[in-house]
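Got a model open and wondering how to read the empty spaces inside it, or the way two helices pack? Let's talk it through.

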Amino acid sequence: MKEHKWDLFALASIPLIMTLGNSMLLPVLPQIARQLSVSSFQVSMIITVYSIVAILMIPVAGYASDRLGRKKVLLPSLLTAAAGGAVSVAAAWMAEGAGAYWIILGGRFLQGIGAAGAFPIVLPFVGDMFQDEKEVSKSLGLIETSNTFGKVLSPILGAFLGSILWFAPFIAIPVLCVISFVLVLLLVKEPEAAGTGKAAGGFRDFARGIKRLLVEKGRWLYAIFAIGGVCMFILFGVLFYLSETLENQYNLHGSMKGLVLAIPLTLLCLSSFGGGKVIGQNKVRMKWLGCSGMILVSAMMIMSGFTTAILWLVIYQSIGGIGIGITLPCMDALITEGIAKENRGTITSLYSSMRFIGVALGPPVVSLLMVRGHWLLFGIMAAVGAAAGLLALFSITPDKSRNGDGEGSGKPQREREGGRKGNRQFAR
């Protein structure tokens with residue numbers, strides 16, 4: 001891991017910056033809505049449009065990274081995200097009202113295209129860099145920690161920038177993307193086996209291989225896709241709810257609101273880092289930690305339904321954040337280590353698409369549920385979390401006889417598999 005420390009540093013900047021580019025807007029959405037004279041639902045679309053475009057483009061980026069190379073997709077994507085941010089800045093600066101709103105959405109559309117080829121490509125890139133799956137798990141834990149640290153920093157930084165100028169968070173986006181571009185360009189070396197287009201056949205052969213892989217392993221792959229989406233749906237929905245509640249009911253603005261929002265996100269970040277350290281290459285442990293994390297999230301949603309006091313809501317959502325932080329590194333490791341390199345970019349991109357679906361649905365769904373009742377909102381959140389826990393329990397089935405940490409034959413995982421790539425440690 002030491003030999004790749006600078007590569008990891010540069011790659012970790014991508015989820016950090018992509019998260020800031022989206023989550024940094026959450027604390028200033030009410031301010032943007034007032035400035036542009038749009039509704040709460042309309043302003044939530046600034047988050048949702050970005051995510052919807054990314055959802056559609058992520059599989060394309062994943063395929064391209066498998067065939068052309070990870071770095072060849074990452075670098076143009078970062079520049080595209082920067083261009084989208086610049087469009088939003090120009091709209092906010094030069095236009096006003098509904099006109100500015102629609103141009104900002106256009107900029108976010110372009111930024112979403114760039115985001116599709118950024119963070120989703122980092123997961124398979126890290127998987128390509130290491131032969132030892134323990135190192136993969138630790139590195140993915142660091143990547144997820146960087147992602148969650150971006151969520152910790154984003155409400156504080158977004159609220160602070162918003163207190164200076166309402167569209168200042170938009171200005172930060174292209175600047176950060178260019179910084180990440182330079183880091184990846186100078187520090188990251190692509191492994192020879194990483195998406196170099198060496199796989200035999202054209203697109204049809206590749207598509208048939210992916211279809212066959214999904215048929216063979218669909219049960220646990222689809223479960224992981226869904227769990228990742230649920231985690232993001234709950235997280236971004238809760239953040240939107242807390243942001244609206246703190247501003248409209250408790251008159252908290254600026255950095256103070258950002259600090260409150262950062263509390264559950266800080267615990268999420270710390271638990272992600274700890275989860276990456278603990279799981280190693282033990283697939284059974286990953287399953288049970290993921291299941292336990294979602295049960296904890298569901299329990300905290302139920303508890304939140306019984307109170308409207310902001311202190312208790314923040315406490316319950318902070319504990320729920322620990323559950324999400326435990327779950328995500330487990331899902332990242334299971335899906336990255338369980339797929340052969342030549343298909344890894346495409347499969348992990350589908351997983352990332354599901355996470356973006358959760359991001360896209362969270363704020364608008366919560367904005368609609370908030371007017372229909374506190375208990376209904378958190379009851380639905382609890383039910384969704386419980387469903388994800390059941391999926392982890394019944395659909396993810398590691399083969400105990402081939403589990404890591406000395407439980408199997410004792411041989412390195414890749415050596416034991418031989419030619420059976422992408423079938424790692426899962427019973428069919």
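**Cavities and a helix pair**

A: Let's start with what surrounds the largest cavity: by class, its lining has eight nonpolar, five polar and two charged residues. Keep in mind that this is a predicted model.

Q: How do you spot empty space in the first place, and how many cavities of 30 Å³ or more are there?

A: The general idea is simple: rolling a probe the size of a water molecule over the atoms shows where empty space is left. In this structure, the count comes to three cavities of 30 Å³ or more.

Q: How much space lies in the largest cavity, and which residues are closest to its centre?

A: The largest cavity holds about 180 Å³ of space. Its lining is made of 15 residues, and the closest to the centre are Thr19, Phe119, Asn147, Lys151 and Phe356.

Q: Which helices supply at least two residues of that lining, and which one gives the most?

A: Look for helix H1 (5–23), helix H7 (133–164), helix H9 (203–248) and helix H13 (341–370), which each supply at least two residues. H1 gives the most, with five residues.

Q: What about the second largest cavity: how much space lies there, and what is its lining like by class?

A: About 90 Å³ of space lies in the second largest cavity. Its lining has nine nonpolar, three polar and no charged residues. Among the residues that line it are Ile234, Leu235, Val238, Pro264, Met301, Gln317 and Ile324.

Q: Which elements give two or more residues to that second lining, and where does the largest share come from?

A: H9, helix H10 (254–279) and helix H12 (310–337) give two or more residues to the lining of the second largest cavity. The largest share, five residues, comes from H9.

Q: Now for packing. At what angle do H1 and helix H6 pack, and how far apart are their axes?

A: To read a helix pair, take the angle and the axis distance together. H1 and helix H6 (residues 119–129) pack at an angle of about 160°, with their axes 9 Å apart. Angles over 145 degrees count as roughly antiparallel, so H1 is roughly antiparallel to H6. H1 passes H6 in a left-handed crossing.

Q: Which residues make the contact, and what is it like by class?

A: From H1 come Asp7, Leu8, Leu11, Ile14, Pro15 and Met18, and from H6 come Phe119, Val122, Phe125, Val126 and Met129. By class, the contact of H1 with H6 has 10 nonpolar, no polar and one charged residues.

Conventions
Residues numbered from 1 in each chain as written. Predicted model: local features only at pLDDT ≥ 70, side-chain atom pairs only at ≥ 80, totals over all residues. Heavy atoms only, no water. 1 Å grid on protein atoms, 1.4 Å probe; cavity = no way out; pocket = protein on both sides within 12 Å on 5 of 7 lines; lining within 4 Å. Points joined across faces, edges and corners; volume = space filled by probe spheres on them. Helix = DSSP H or I, 4+ residues; strand = E, 2+ residues; numbered from the N terminus. Nonpolar A, V, L, I, M, F, W, Y, C, P; charged D, E, K, R; others polar. Axes fitted to C-alpha atoms, helices over the stretch in contact; angles between N-to-C directions. Parallel < 35°, antiparallel > 145°, perpendicular 65-115°, else oblique. Left-handed = near helix turned anticlockwise from the far one by under 90°. Contact = heavy atoms within 4.5 Å.
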